[in-house]
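This report describes contacts between chains and between domains, followed by one helix.

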There are 2 protein chains.
Amino acid sequence: MSYKKIALLLLICFTTACSFAQTLDEDGEIKYIKKMYSNILTESPAHDWLHYLCKQVGGRLGGSPEYAAAVSYTTHMLDTLGCDTVWTQAVEVPYWRRGAIEKAKIINSNYVGTLDLAVTALGFSAGTGALGITGAVVEVQNFEELEALGKDKIKGKIVFYNRPMEITRLNTFHAYGAAVNQRTAGPRKAAELGAIGTIVRSMTVKQDNVPHSGVTSFKNETPIPAVGIGLQDADLLSALLKKESNVNVNIQLSCKHMGNRIAQTVIGEITGSEKPDEIILVGGHLDSWDLGEGAHDDGAGCVQAMEVLHVFKRMGIRPKHTLRCVLFANEENGLFGATEYAKQAKLKGEKHLAAIESDAGGHVPSGFRMDAAANIAKESYNQVKNWRTIFASLGLWDIQTGGSAADISRLKDQGTVLFGYRPDSQRYFDFHHSANDVFENVHKRELLLGGGAMAALVYLIDKYGVR
Amino acid sequence: MSYKKIALLLLICFTTACSFAQTLDEDGEIKYIKKMYSNILTESPAHDWLHYLCKQVGGRLGGSPEYAAAVSYTTHMLDTLGCDTVWTQAVEVPYWRRGAIEKAKIINSNYVGTLDLAVTALGFSAGTGALGITGAVVEVQNFEELEALGKDKIKGKIVFYNRPMEITRLNTFHAYGAAVNQRTAGPRKAAELGAIGTIVRSMTVKQDNVPHSGVTSFKNETPIPAVGIGLQDADLLSALLKKESNVNVNIQLSCKHMGNRIAQTVIGEITGSEKPDEIILVGGHLDSWDLGEGAHDDGAGCVQAMEVLHVFKRMGIRPKHTLRCVLFANEENGLFGATEYAKQAKLKGEKHLAAIESDAGGHVPSGFRMDAAANIAKESYNQVKNWRTIFASLGLWDIQTGGSAADISRLKDQGTVLFGYRPDSQRYFDFHHSANDVFENVHKRELLLGGGAMAALVYLIDKYGVR
């Protein structure tokens, strides 16, 4: 055989192999994935898992006893659902505990008597002691206004951040993104100027009076008391400040930073049949805020990720790549679980082909957001675009680049293609970080369809690759 | 000028005129329509209108006093929102009234004592008298099974239709379509074979025990008692029938056909500035089942249709075509309002360019279904496809041909392009025709976004035409 003939033969083989690997049987895959959906809608225990996480475990801040109970339960469930390996990865996390007392009242307005305000401590808020703190309230909309007032006018005061989430944003996550720095950085910036406390308008677009919590961060500053306030009381307080020059508020909080604790990220995997060293990760974060039951945030994401493995087992699909479920510790209070996970993955030289996280609630599926390092972003997006007819047949119309999810974002620089599962956003902030984030507010079918969406994506990546 | 030159000039003018009319400023329209959405999300009274319809009026079957109250309220609202003309169109409708008594119990099984079943009368069911009817229950899944049993085995019995809505259908309306003939035609077919009563598994995919109503039709047969039964009790009854050869049930109903009554379809319009004789219709049906408050079905659709006119008024948009809001009488009990409306439109030679109805609930928007007579279907669909980028920017991804909505379907043979507004379907049958169809189960933002979707479509049709 001449070199030319050999070259030609090699070319043919190569071309055949490539086209074989990439031939997409669209109709066949739609049919098969709909079978997965049917299996999930009829057989999945994910809704029951969520019931346990919400009702038997409850809210589970990183480092809390409840978090340990969540680790115990999910480790056991991953084991019994048939993972080849289940383990936990320890990480030190800060443990802040809400106290029984969280109160605020207006004490010197022209109102007759006192007026209670619906508040809840933000994560890492300082406690106040039994008598609480009392100070005059200064309302600002943003940091520019705060800084314009300066130390003279802020020192000794309680800063009230009252910029609303914009209800005109169609995607409520965009409204959240535009408002949340008041909560994450507001108390710190107020403390820098000598404020003795902070009140932050709750991050919600629902016009009720339920206060929402969430993390706030202090760097080198000594933490000050910081609370979220219900929207109705925020409006009331703001209206009062327009009428009266001096409105004093007393805040009492018994929350406390308890120091660091050990918490575990929970991991279970099905070993790949062809490429066991290449990992497809599905995950959510196991910790949650403590006011509700962490139902949408992120119990839903955890059980959807577990369901992906379970439907593969139930249907006898042996993945070619290793399929790994990761339930991250401590997303809410600092992302330490995700950081440790990425660090360990790098140390061990693990290759994560793709990572899919569900952390935007258990509502009706709409699609995915994709993110990847610049050198692979285009080819991976092009590959996923090949599947758009399949996704559309499942109601997953909205496939876009840009953003994914917090925990998996730590894997981006390891060459992992990242996917944030996206359900509809309209209801999410009705519940988020509040006492309303409970099991009853998760719709069973919507939850299961989300598991289906993630399973479909994993199935396609495992079969066709993602680049 | 030569004929050739004149012809060329005419061609240029014609081409310019055509392209002028059809040039779509996509970015500009997205920007403008998002302004409409912002206006709706901040200013719309639609949620308050729905509150009145649900809480001050309540369930409103065609011909009932409650229906008359709904006519009174919406006529007044259309007037005050600034319609140029508001009127009502009378139509004779059958008036069936639910009674205070609707009960069923198992009376002779091996259970100790009696066992109550959760049932509710279907529309046009016969009443039973004080002692009720008692008969042995025969379970069937479909009409084939019924007919195979035949008169000998059906006569004197109570037929129990127990075919579930398939929970594996991703679109719950498809599951409904595949199951609902048990309710609409089941009692009639059972009566033909001599059955004395009918029990029908409720049309829902939610695994609770809430019975759902809905219309059933008798043609020449004398109506027999017919009830919907909650899913848990349907399963229980079915399990019992597998164990025991003879299960008797007693049904007591005090419902009654009250004869015909006059009801009104409510109509309000803004006269078109350029083509007043060409009508763009937006609508819903004003009647509802009586068990709940007709919140999703179809209070939501009515207030969304009213909102389309209101946002045009609020924003000072003068439509080129006449924009008409039609709240149809009697969709639930026979579609007499829609039939009369189409008949009158034809008699008067009215030209309905397009008709858009919302009658699939107030949930998060997903898109539209289109329908039109064969000779115009393709060109109208092609026109709407031009707007798909605009629609996608609003989350309206799902634009398809086939089907629209019941009331407007009567206008199809008059050359009207029909649009059924489509929200997500996952939750709809949790509430549909049951006591759970109440105001509290409608999400304000989702309701308003539906109004926005309809307003966007009307705006584009008015500006660019629909063919």
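How many residues of chain B are in contact with chain A? In this predicted model, local features need pLDDT of at least 70, side-chain atom pairs count only at pLDDT 80 or more, and totals for chains, interfaces and linings use all residues. Residues are numbered from 1 along each chain as its sequence is written, while chains are lettered from A and ligands numbered from 1 in the order in which they are written.

Contact involves 19 residues of chain B and 19 residues of chain A, where two residues are in contact if their C-beta atoms, placed from the backbone, lie within 7 Å. On the chain B side, α2 (26-43) and α15 (444-464) each supply at least two residues; α2(B) gives the most, with 4 residues. Helices here are DSSP runs (H or I, at least four residues), numbered from the N terminus.

Chain A is divided into domain 1 (25-96 + 259-464) and domain 2 (100-254), with bounds from an automatic or database domain assignment. Their C-alpha centres lie 34 Å apart. In contact are 15 residues of domain 1 and 18 residues of domain 2 of chain A. Helix α14 (residues 428-431) of chain A provides the largest share of the domain 1 side, 3 residues.

The table gives both sides by class. Ala, Val, Leu, Ile, Met, Phe, Trp, Tyr, Cys and Pro count as nonpolar, Asp, Glu, Lys and Arg as charged, and the others, Gly among them, as polar.

| Side | Nonpolar | Polar | Charged |
|---|---|---|---|
| Chain B, touching chain A | 8 residues | 6 residues | 5 residues |
| Domain 1 of chain A, touching domain 2 of chain A | 6 residues | 7 residues | 2 residues |

Helix α5 (residues 143-154) of chain B has 12 residues, but its end C-alpha atoms are only 12 Å apart, short of the 16 Å of a straight helix at 1.5 Å a residue. That expected span is 1.5 Å times one less than the number of residues. After α5(B) comes B:Gly156, with a positive phi near 80°.
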